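Hello,

Here is the structure I promised to pass on to you. Please open it first, and then read my notes below with it in view.

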Amino acid sequence: MEKCYLGVDIGSISTKGVIIDKSKKILASDYLYTEGNPIAAVRKLIRSLKKQLDLTKYKVVGVGTTGSARKLIGVMLGANVIKNEITAHGIGTLSRYKDARTILEIGGQDSKLIIIKDGVIVDYAMNTLCA
């Protein structure tokens, strides 16, 4: 059985999930609205991802969560990695764009500006009102 990894981003507006293999190939993914109920949204998301994945071939061996409900959903899914959005945006962006210097994220609850220097997050700013 091949190893795969689940990542879930639970925001106030949307919930996203992806399952990747060890070479970072996407095996399953989905995007849906949170609708004010992150637990129900993640349950629906997991059902969708399971339908897309050959469970006789793959076994999920790692789970990571991020987003506004990351801690709650991290406990629910038994996540081994729970990261804040600043870290997740930085790592995700740098994995695809090594020379990135700025990340601007507009979410449902807030907006973020992340500054990167030499591949390291050096500063960020967040508003305190809705995006």
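**What I found**

Let me start with K16, which has a relative accessibility of 25% and therefore counts as partly exposed. Before going further, please keep in mind that this is a predicted model.

Which residue does K16 pair with in a salt bridge? The partner is D9, and the closest N and O atoms of the two are 2.9 Å apart. D9 is also partly exposed, with 23% relative accessibility. Both values lie above the 20% limit under which a residue counts as buried, and neither is over the 50% needed for exposed.

How many salt bridges are there in total? The count comes to four. Besides the bridge between D9 and K16, I would like to show you a linked group. E105, D110 and K112 are joined in a network of salt bridges. If you select K112, you can follow the network in two directions:

- Towards E105, the side chains meet in a salt bridge with an N to O distance of 2.9 Å.
- Towards D110, the closest N and O atoms of the salt bridge are 2.6 Å apart.

The side chains of D110 and K112 are also listed as a polar contact, again at 2.6 Å. Are the members of this network buried or exposed? E105 is buried at 18% relative accessible area, D110 is buried at 12%, and K112 is buried at 4%. Each of these counts as buried because the value is under 20%. As for where to look, D110 sits in the loop that runs between β6 (102-106) and β7 (111-117).

While you have that part on screen, look for a nonpolar patch on the surface. L104, I106, L113, I115, V120 and V122 make up this patch, and together they have about 560 Å² of accessible area. Which elements give two or more residues to the patch? They are β6, β7 and β8 (120-126). One of the patch residues is L113, which is found in strand β7. L113 has a relative accessible area of 36%, so this residue is partly exposed.

**The five-stranded sheet**

Next, trace the open sheet of five strands. Their order is β3-β2-β1-β4-β5, and the pairing is mixed. Why do β3 (26-33) and β5 (81-82) each have one side without a neighbour in the sheet? They stand at the edges and have a single partner strand each, so one side of each is left free of a neighbour there. At the β5 end, β4 (residues 58-66) and β5 run parallel and are joined by two bridges. For a pair to click on, try T65, whose bridge partner in β5 is I82.

Within strand β2 (residues 14-21) you will find I19. I19 is buried, because its relative accessibility of 5% is under the 20% limit. What does I19 touch, leaving aside residues up to four places away in sequence? The contacts are C4, Y5, L6, K25, I26, L27, A28, L49 and L53. There is also a long step in sequence to point out: 43 residues separate I19 from G62, while the C-alpha atoms of the two are 9.8 Å apart in space.

**Two loop residues with positive phi**

Finally, there are two loop residues whose backbone angles you may want to look at.

K24 is not a glycine, yet K24 has a positive phi of about 70°. The loop between β2 and β3 holds K24. With a relative accessible area of 63%, K24 is exposed, because that value is over 50%.

D118 also has a positive phi although the residue is other than glycine, with a value near 55°. Where is D118 placed? Look in the loop between β7 and β8. D118 has 73% relative accessibility and so counts as exposed.

**Where to begin**

If you have time for a few views, I suggest the K112 network with E105 and D110, the nonpolar patch that includes L113, and the buried I19.

Happy viewing, and do write back with any questions.

Best wishes

Key
Residues are numbered from 1 along each chain as its sequence is written. This is a predicted model: local features need pLDDT of at least 70, side-chain atom pairs count only at pLDDT 80 or more; totals for chains, interfaces and linings use all residues. Side-chain values use heavy atoms; hydrogens and water are left out. Buried means under 20% relative accessible area, exposed over 50%, partly exposed in between (1.4 Å probe, protein chains only). Helices (H or I, at least four residues) and strands (E, at least two) are DSSP runs, numbered from the N terminus. Contact means heavy atoms within 4.5 Å. A polar contact is a pair of N or O atoms within 3.5 Å; within protein, one must be able to donate a hydrogen and the other to accept it, and residues adjacent in sequence count only if both atoms are side-chain atoms. Patches are made of residues with over 30% relative accessible area and no salt bridge: like charges are joined within 9 Å, nonpolar side chains (Val, Leu, Ile, Met, Phe, Trp, Tyr) within 5 Å. Accessible areas come from the Shrake-Rupley method with a 1.4 Å probe; for residues, only the protein chains shown count as cover. Two strands pair if DSSP finds at least two bridges between them.
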